[in-house]
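Here are a few short exercises to help you find your way around a new model. Try each task on your own before reading its solution.

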Amino acid sequence: MQEVDVQDAWIFINKIFPILNSSYPTVYTKEEFYKAAKIIKELNLTCFVQDMVILKIETSLRKSIIPKFWSHFKSPENIKPFYKFLKAIDSLYEDYSKLLEVINALDMLRNINNFDKPIMGEMNIKNSLKLMLKSTMFSQHHTSYDKVISYFYEEALLLEDMDSFSSKQCPICSLLDCSNCETLFLKANGKLIEMSLLGPLTDQALTDLIYYYINMHIQKTCKDNFDTSYIESFEKWLDRVIITWLKKIYCHSEVSDRSIADFDKKLRNYLYNTYTKIRINQLFNIIIEYPDSLAALEDIKICLPKTDLKQYLIKKLQQAVETRLLHLGVSTSDVLTAYVAAIRSLRFLDPSGLLLEVITQPIHQYLRSREDTVRCVVSSLTEEGPNDLAEELVRGETVLCDENTIQDSDENWETWTPESSDHQPSKIPATKRSSDIISMLVNVYGSKELFVNEYRTLLADRLLCQYSCDTEKEIRYLELLKLRFGDSQLHYCEVMLKDIVDSKRINQHIKQDPNYKNQEIPISTMIVSAQFWPPFKEEKLELHPKLLTQFESFTKGFETLKGSRTLCWKNHLGIVDLEIELSSRTLSLSVSPVHATIMMHFQDSNRWTLNDLSKTMQVPPTVLRRKIGFWQSHGLLVENEQDIFLLKEETSEDNIVQDNIIIEDYESESAMASAQDQRDEELQTFWSYIVGMLMNLDTLSLERIHQMLKMFALQGSSVEYNIHELKIFLDKKVREHQLIHSNGLYKLPK
Amino acid sequence: MKLTIKNWTGVATWKWVANDDNCGICRMAFDGCCPDCKLPGDDCPLVWGQCSHCFHMHCIVKWLQSQPVNQQCPMCRQEWKFNNK
Ligand SMILES: [Zn+2]
Ligand SMILES: [Zn+2]
Ligand SMILES: [Zn+2]
């Protein structure tokens with residue numbers, strides 16, 4: 001074997017691996033290469049040469065190629081990120097190609113010399129190069145560079161999604177109908193794929209970008225629009241714009257299919273999550289707009305099983321209900337409207353009713369604490385016009401007044417899932433929840449009686465205010481209520497309505513009687529059966545003599561018509577339609593009897609002292625002053641001196657109030673004693689017991705008083721008081737200084 | 001000023017002119033009705049006996065039917081006779 005000088009060998013080695021001498025390109029013939037390989041083998045230097053070459057490659061990557069690559073990212077601001085990244089890739093690719101030549105040479109050497117020591121654990125040393133490239137790249141990576149990558153793709157995405165912008169101008173080079181930029185973009189991605197950098201270098205930026213893009217697209221598409229379903233169009237959009245684009249980016253890669261599938265899954269999840277979150281954040285408004293918002297609800301229903309947002313939904317909706325509904329700024333009727341909408345839409349979202357219970361529980365509690373809830377429910381039940389509750393009533397299901405229906409669920413709503421939208425009818429849960437809205441409202445109180453009583457009071461007020469009211473309609477309505485609440489509960493109301501119908505007939509009859517003197521004041525009378533009406537507020541009022549004779553004449557007529565029966569007039573109740581002619585204008589008003597009586601007296605005499613009028617009318621001065629105020633506000637009476645009122649004949653312009661019918665003062669007050677008044681009156685009968693207890697025991701807690709009352713005073717009585725009502729009563733006594741409350745104990749004042 | 005009252009709608013409760021508020025038989029208010037009735041007034045009238053006691057008509061009729069021998073006023077035990085005044 002020929003001896004080879006080491007010096008010569010080095011020259012040969014340098015010839016085929018000029019990188020060892022820090023130079024490119026490689027210029028050698030095939031013969032030269034084989035010769036060099038042979039020498040290397042003879043000297044047993046293969047391993048040494050490989051190590052040297054790899055070391056050189058590493059050094060070159062670390063010291064020059066990669067720093068040069070990243071330096072493009074730091075180039076001046078005025079260069080578009082698109083071009084920065086493009087240049088960086090081009091220069092990197094150039095360097096990579098040279099290194100690849102070296103690696104190819106090394107590979108050839110390994111083949112010839114049968115040397116197979118792996119490089120960086122890789123037998124395929126092309127992969128070793130890629131590994132070195134990648135690891136060096138990331139060792140010098142800085143997070144700020146990601147922004148450039150992001151921008152690069154964002155500009156390209158805008159180019160892809162140009163349809164959405166209805167502009168023919170290329171977002172990158174600003175030229176019309178540009179096709180060059182896309183070619184450049186695709187080429188750059190091709191190079192990244194060749195260097196196996198497309199995933200590692202770009203995935204994060206690409207994912208962030210697409211997430212952002214999806215978010216924007218959803219936000220601007222479905223903003224405050226609840227009447228369209230978007231989920232399908234979003235899915236299509238994702239396929240048409242994003243996935244198509246990703247396929248273009250990855251097109252030359254063998255890993256393309258897997259990467260695309262990964263992306264597809266990830267992006268689809270993100271899409272559902274984002275869209276569902278946006279809808280959940282709008283859910284309160286969506287509920288309020290039910291049923292117009294059905295499409296949005298449908299989308300949530302479809303998306304929820306694909307996401308993990310049930311708890312998020314519950315939390316967000318509870319917060320929204322808390323901040324937007326359950327506070328003093330919202331009127332009770334609005335709370336009720338929202339409540340009904342919530343029942344309907346949540347029932348749609350989750351037919352099992354679990355979600356409904358979780359969300360409406362606080363609304364129940366809140367409604368229970370509001371004084372006017374029953375009144376609002378009843379009045380909206382009976383209101384004219386389209387109305388959710390009235391609709392429910394017409395559906396006519398009977399009230400299942402089962403107090404347990406609300407609390408009986410032992411299922412855990414933590415595990416709540418919306419039912420799949422394609423469920424079979426047979427899969428409806430066995431525990432059918434009380435889903436009837438009116439029942440739910442009644443259940444809030446647990447008492448039909450309370451509802452019916454409130455209805456009776458409202459009906460009484462309505463009948464007294466508008467004698468001419470549509471009794472037929474009221475009777476029809478009463479029939480509906482009877483279907484729901486039962487005959488016996490509503491029997492009183494039936495009699496009240498009959499009273500009104502009868503009154504009309506009796507009035508006609510009496511007025512036809514020749515003995516009945518028709519005087520200057522035409523009257524009609526509502527003759528009511530006191531036993532069946534709610535208790536009237538008792539107020540004293542002495543009417544004008546003209547009217548008294550008229551009433552007497554009517555009473556006589558009645559006594560003649562109905563043997564052994566007579567009438568007791570409620571002077572302060574009723575309505576008076578009157579007309580006041582002034583020199584400049586005419587007023588037409590409907591007022592209460594006390595208001596009318598005041599003016600009748602002022603017609604007799606245009607000057608009255610408060611005291612005189614108070615005595616004449618039997619109305620306490622303070623009350624009378626308030627009533628006179630009504631006429632003062634109309635510019636008809638004036639307080640000339642303290643407590644002296646004059647009729648003001650000519651009204652100056654600035655005092656003129658509108659001439660239309662004003663019944664404000666009249667309407668605002670109920671003629672019925674309020675439910676609270678009635679309860680208080682009942683409780684008052686126990687006051688002596690309470691005083692007795694406190695005299696003996698000095699101090700007592702609320703609970704103790706309640707307990708003792710239950711034991712002694714309430715036993716055998718049909719009256720039931722809860723501790724809350726008792727507290728209100730006792731607190732009233734404290735305000736009236738009949739009781740002292742301190743440290744949670746009640747005692748009598750000394 | 002000229003005040004014209006175009007219509008005065010007043011409110012009055014009706015009641016039986018009787019010595020008592022409640023029926024001595026059923027204990028219900030006269031102005032209400034007897035336990036068998038739903039509507040007061042014409043539909044459940046009062047009747048007076050010559051002893052001057054009065055009852056719901058339905059109540060006294062039922063009472064008299066349950067007294068096959070002596071038709072007495074349940075209040076004063078005098079013989080019951082309707083007073084058609
Ligand atoms: Zn009776
Ligand atoms: Zn009867
Ligand atoms: Zn008698």
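**Exercise 1.** Find out which geometry the 4 donor atoms give the site of the zinc ion (ligand 3).

*Solution.* Keep in mind that this is a predicted model.
- Step 1: Pick out the protein donors, which are B:C51 (SG), B:H53 (ND1), B:C73 (SG) and B:C76 (SG), at 2.0 to 2.4 Å from the zinc ion (ligand 3).
- Step 2: Look at the angles among the 4 donor atoms, which run from 105 to 114°.
- Step 3: Four donors count as tetrahedral if all angles lie between 85 and 135 degrees, and the site of the zinc ion (ligand 3) is tetrahedral.

**Exercise 2.** Work out how the donors of the zinc ion (ligand 3) are spaced along the chain.

*Solution.*
- Step 1: Going along the chain, the spacing reads C-x1-H-x19-C-x2-C.
- Step 2: Place B:C51 in the loop between β2 and β3 (54-56) of chain B, and B:C76 in the segment after α1; with their positions 25 residues apart, the pair links distant parts of the chain.
- Step 3: Check accessibility. B:C51 has a relative accessible area of 15%, so B:C51 is buried. B:C76, at 26%, is partly exposed.

**Exercise 3.** Describe the arrangement around the zinc ion (ligand 2) and say why it is tetrahedral.

*Solution.*
- Step 1: The coordinating atoms belong to B:C34 (SG), B:C37 (SG), B:C44 (SG) and B:H58 (ND1), at 1.9 to 2.4 Å.
- Step 2: The arrangement is tetrahedral because the 4 donor atoms subtend angles of 97 to 124°.
- Step 3: Along the chain, these donors follow C-x2-C-x6-C-x13-H.
- Step 4: B:C37 sits in the loop between β1 (2-16) and β2 (46-48) of chain B, while B:H58 belongs to helix α1 (residues 57-65), so this pair ties together parts 21 residues apart in sequence.
- Step 5: B:H58 has 26% relative accessibility and therefore counts as partly exposed.

**Exercise 4.** Set out the order of the elements of chain B from the N terminus on.

*Solution.*
- Step 1: Count the elements: chain B has 1 helix and 3 strands.
- Step 2: Read them from the N terminus, and the order is β-β-β-α.
- Step 3: Add the burial: 46% of the 85 residues of chain B count as buried.

**Exercise 5.** Locate A:S605 and find which backbone oxygen lies 3.0 Å from a polar atom of its side chain.

*Solution.*
- Step 1: A:S605 is in the loop between α24 (593-604) and β4 (607-609) of chain A.
- Step 2: The backbone oxygen in question belongs to A:R607.
- Step 3: With a relative accessible area of 27%, A:S605 is partly exposed.

Technical notes
Residues numbered from 1 in each chain as written. Chains lettered and ligands numbered in written order. Predicted model: local features only at pLDDT ≥ 70, side-chain atom pairs only at ≥ 80, totals over all residues. Heavy atoms only, no water. Donors = N, O, S within 2.8 Å, 3.2 Å for Na, K, Ca; no water. Tetrahedral: all angles 85-135°; square planar, octahedral: opposite > 155°, others 65-115°. Helix = DSSP H or I, 4+ residues; strand = E, 2+ residues; numbered from the N terminus. Buried < 20%, exposed > 50% of the residue type's maximum accessible area, 1.4 Å probe, protein only. Polar contact = N/O pair within 3.5 Å; in protein donor to acceptor, adjacent residues only side chain to side chain.
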